[in-house]
Every structure is written in C-alpha cells, then in structure tokens.
Amino acid sequence: MDKKRLRHALVAIVGDDFVLDDPASMWVYGKDASPLPPATPDLAVVPETTEQVAAILALANETHTPVYPRSSGSNLWGGCIPCGGGIVVDLRRMNRVISIDEELFSCTVQPAVTFVQLNEALAKHKEGYYNLVSPEGALTACVAGSFLAHGDGIGSALWGTQGDAIVGCKVVIPSGEVIITGSAANPSAQKVAGGSGQFFRYAYANDLTGLFCGSEGTLGILVEATTRIERIPARYGFAALDFASVDDACQVLYRARQERIQANFAALREKKSMEALRPGEYPDAQLVYIIEGDDVIVEHQLERLRQLAREHGGVESDNGKARAYWEKRYSLIPGGMYKLGARALLPLHYPLGKMAWYYHQIRDICDTIIAGKYRLAYFIGGFQIGTAFVCYPTIMFLEQYPKQYQTVMACAREAQESLLGLGGAPIQMGTLWGWCMPRLGTHFELLKRIKQAIDPNNIMSPGMVGFSIDE
Ligand SMILES: Cc1cc2nc3c(=O)[nH]c(=O)nc-3n(C[C@H](O)[C@H](O)[C@H](O)COP(=O)(O)OP(=O)(O)OC[C@H]3O[C@@H](n4cnc5c(N)ncnc54)[C@H](O)[C@@H]3O)c2cc1C
C-alpha cells in the first residue's frame, strides 16, 4: 500500500490528529536513547485503545507494513529504531493505571505508564505499596518497554528483573487477536478473584508471559501488563562500605547474598571508574547497600554487613552517600549521563559468586580495547540482580563529532565480542546486540520458528533481536 492510502486507512482508525508524518516528528521517531544511527519511518500512529491497536496491526499485516512499537523510546540498544521503515506505533496515550489489586498483590497498567507515575499511584494507595523493580531512568521509562526488554534497576537485588515481577499481560498479535497470559486467561478469574484476575503467572501449560518477556516488540503489541506489588517496608537502611580491593568487595557481595541479606539494591563502585566520572578521592572499591525491612531486620542486617565487611578488610564509610543515592535514585543517572557523554553502554550479566574474577577480565578488556586501542574514555558500573550481577562498561563520547562516532561504534563492537567471549549474558538485544543471536544455534532457530508462527508476514519490528528485515 502506498503511503497516502496507508495514511488514509490509519486516519480512519485513530483520527487525523494521531497520524503523523511531518519531518520533525519523523526525526524524533527515528531515534531512541542509544547511540545507534537513526532511521526514518514512513508514518507514526498514536492509538488510545486496544481496539485501535488491533485494527492497526490487522491493517499492517494485510499490507505487509513493518511496525515498530514504542513507549518512551528511552532504551539504550536501538530497540525501537525503525530500521525497516514502515509505521512507528507510539503508545504514549495508553498511560493509565487500570487497577491496584492489593488482595492479588498486583497492579495492572497500560503500556506507557512510567515507573515514577506507577510508584506514585502505589504509594498513595491505602497503606502504601511499591512496584518491585524500577529502572534508574524511571522518570521516562515505561512498564511495557522494561518488561519487553528484561529491564532491571532499583529493587533488582531482591526481586530480579522486570520479567520476574510481571504476573501476566495482554498482547495484540499481528492477526489482530488479543492474547491474555497468566491466571486471567481463565475468564472466571476476574469474576471470582476480582480486579484484573491476575494473581498467578504459571498456569495453563507453557509460560506465555515469558514468551513475550524480552521479545522487544517482535511478536506483538503489549496493551496491558500486570506487575507484582509489595507494601512499602517500615524502614530502609543505608550502608556505604569501603574496601582496599575489588576482590574484597565482590566477596562481601557474594557472602551477603548467601546469607540472604534483604538488599533492595546493592551496587559496586570502583576507584578508576569513579575518577573517570568525577575527579576526587575515592576508595579502591565501594559497596552501596539499601536494605529493607522493619527496625529489627534492618538493624540486624546492617550489623551483619558491617561484620562481613570487616572480615574482608572493609570499613563503613559515609552512609549519607547511600541515602543520598536512594533519594535521588531516579534523577541522578538521567541528569548526569548525557552531560558526561556516557553513551555506549555494554551491559552483560555474570554469576555473582565469581564477580571478582569477571571484574578483572572486564577491566582488562576495557583497558586493552576501549582505552588502549581506541583511546576512548570509559567507566564500569554494576549492581546485583538476585544471584547475578550486571556489569556495564560505558564508552564516553560526544556524538556530535561524526569521526569519533565511527570509532566508537567500531570500538563497541570489538569490546562486545570480547565480553561475550567471557560467557556473559546481554539481556537487551535490539540492533546493538542482535548480531550475536545466530551464534546461539538451535536457541535462535526455535525463536525464528515461533516468530514465523505468530508473525508470518514479519511485520513486527523486523531487524530487531537478530531477525532479518525481509525474511
Ligand atoms: C538515563 C537512563 C537510565 C536507564 N536506566 C535503566 C536501568 O536502570 N535499567 C534498565 O533496564 N534500563 C535502563 N534504561 C533503559 C530504558 O530506559 C529502560 O529499559 C526502559 O524500561 C525502556 O522503556 P521505554 O518505555 O523507554 O521503552 P522503549 O525504548 O520505548 O522500548 C523498548 C523496547 O520495547 C518495545 N516496546 C515498547 N513498548 C512496547 C509495547 N507496548 N508493545 C510491544 N513492544 C514495545 C520497543 O519496540 C523496544 O524494543 C535507562 C535509560 C536511560 C536513558
């Protein structure tokens, strides 16, 4: 279908105000927060209802038009750059908290609800609740984008990734059909349990919620997600612990997890990286812990953490820093990241119990490739995700210099190859990591067959996650 007729058909679905093709909008929809090159879509459409999403997908499927869903476009891995042209489906009008169902320990939202919006609504609800995992970019990041890309962040030490936090979802697939996963797939669940009826994920054979988790828009458009909620704890405790080596700090991270310290968040900072971010005096390694519980639990666990630190030569430092991080947790990174030119993030996940060894290998790769061969600045950040640890070497550059940009992309690719060689697991793919998918052999072959079955015309985000643009 030519663009004029496609536009006409989309206007019939959502109205003239919500189909965009002006150059300024196309520029915005061609980019995300990654450093990857932009691409221009033909059109963008901004639906408000599930019915409109279903009609858009049915039209795109019939006309074999590529579709790229987008919530806020804050992903860092080229996840919604419309590399195959076609339509960007901007979900920002679907931004309602639908229900907070404390008796089901869950909350159901539309896709473009941001984490700050969600946490504010939950905090005001009755005794006060919170969403388990929220990214550091929570001011703009939306629930759909995070769940569909295995997002992580604050809360990950205790609860894992966004995939672990989601109970069920509602997704429109290319045929225009609406799929409900989780306990609400049973029509009686809503009638009898009340609310969304989403209280349990693992039912009715395969885990279809898991099928969509991490699919990054390649199988359909998510129109509702139900996430687990918990009461806001009576107290948070803060600890900053300084060490003479990264090895000691990593040992404490591991032992604290073995002892099931209730850390909501546990981050590792190391001298060289801190110096790269801001000149100053830093310990060789520092752990920042946020503990949650009641007075007794928090006091007991803070004391145990101090003991563990002492056993590894560590000392308690300025706990005010940990508290300050917590208070600014959603503004610190967005505020500083771009100013510092911290742009190309290469996050991979490693086993928590072996982090000391991995950290040295990662540091060697960064020193040899990023600083040595390409002469670029970098820092390494990282935090605990349950029994794993995410480590994100970050190349710093100012992207307005095109020559440097090419160098950065070549450098990032070479570093990615070496980091993958350590056996780490990148969980957000987009186009930044999609190239490595064919290496997974039968794993990727099965994913291709699943995509072919759900999306036979390959309209959903072609070019993402290693799927070809014109298959
Ligand atoms: C400053 C900063 C800090 C960040 N901190 C973190 C962090 O701590 N942890 C973390 O995991 N990430 C972080 N990110 C990355 C990003 O913000 C998050 O992953 C975020 O959850 C993505 O949400 P989004 O709404 O922007 O998604 P988008 O960028 O809009 O989309 C992400 C992916 O999901 C797909 N998608 C979006 N909505 C739908 C839908 N409704 N249906 C189908 N597919 C859809 C898109 O096609 C794309 O593939 C950070 C980013 C920035 C800029």
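## Helix α1 and what follows

Helices here are DSSP runs of H or I with at least four residues, strands are runs of E with at least two, and both are numbered from the N terminus. With that in hand, we can start at the beginning of this predicted model. Just past helix α1, glycine 15 takes up a positive phi of about 95°.

Helix α1 itself covers residues 3-14, which makes twelve residues. From its first C-alpha to its last it reaches 16 Å, close to the 16 Å expected at 1.5 Å a residue. One of the residues in helix α1 is lysine 4. Is lysine 4 buried or exposed? Lysine 4 counts as exposed because just 8 other C-beta atoms sit within 10 Å, and the cut-off for exposed is 12 or fewer. Its C-alpha is separated by 13 Å from that of aspartate 22, which is 18 residues away along the chain.

## Four domains, and where two of them touch

The domain assignment splits the chain into domain 1 (3-92), domain 2 (97-231), domain 3 (235-329) and domain 4 (339-426). Let's look at the first pair. The C-alpha centres of domain 1 and domain 2 lie 23 Å apart, and 18 residues of domain 1 are in contact with 18 residues of domain 2.

On the domain 1 side of this contact, α3 (50-63) and β3 each supply at least two residues. The largest share there comes from α3, with seven residues. Sorted by class, that side of domain 1 has ten nonpolar, seven polar and one charged residues.

## The nonpolar cores

The largest nonpolar core holds 74 residues, and the ones with the most contacts inside it are Val45, Val89, Val143, Ala144 and Leu222. Helix α3 turns up again here, giving this core its largest share, six residues. Why does this core lie between domain 1 and domain 2? Both of those domains give residues to the core, so it lies between them.

Let's zoom in on one member. Leaving out residues up to four places away in sequence, valine 89 touches Val45, Pro47, Ile56, Val67, Tyr68, Pro69, Arg70 and Ile221. Apart from the largest core there is another one, of 61 residues, including Phe238, Phe243, Ala249 and Cys391.

## Around the ligand

How many residues surround the ligand? There are 36 of them, and the closest are Ser71, Gly79, Gly137, Gly145 and Gly217. Split by class, this shell has 18 nonpolar, 13 polar and five charged residues.

Where do the shell residues come from? Domain 1 and domain 2 each provide at least three. In terms of helices and strands, β3 (67-70), α5 (143-147), β10 (221-231) and α14 (332-337) each supply at least two. So β3 has two jobs to remember: it helps form the shell around the ligand, and it supplies residues to the side of domain 1 that touches domain 2.

## Two residues with a positive phi

Glycine 15 has company. Lysine 126, in the loop between α4 (115-124) and β7 (129-131), has a phi near 45°, a positive value in a residue other than glycine. Lysine 126 is exposed, with 9 other C-beta atoms within 10 Å.

Asparagine 458 sits in the segment after α17 (442-454). Its phi is near 50°, again positive in a residue other than glycine. Asparagine 458 is buried, because 20 other C-beta atoms lie within 10 Å and buried calls for 20 or more.

Terms used
Residues are numbered from 1 along each chain as its sequence is written. This is a predicted model: local features need pLDDT of at least 70, side-chain atom pairs count only at pLDDT 80 or more; totals for chains, interfaces and linings use all residues. The expected span of a helix is 1.5 Å times one less than its number of residues. A residue is near a molecule or strand if its C-beta atom, placed from the backbone, lies within 6 Å of it. Ala, Val, Leu, Ile, Met, Phe, Trp, Tyr, Cys and Pro count as nonpolar, Asp, Glu, Lys and Arg as charged, and the others, Gly among them, as polar. Domain bounds come from an automatic or database domain assignment. Two residues are in contact if their C-beta atoms, placed from the backbone, lie within 7 Å. A nonpolar core is a set of buried Ala, Val, Leu, Ile, Met, Phe, Trp, Tyr and Cys residues joined through C-beta atoms within 7 Å.
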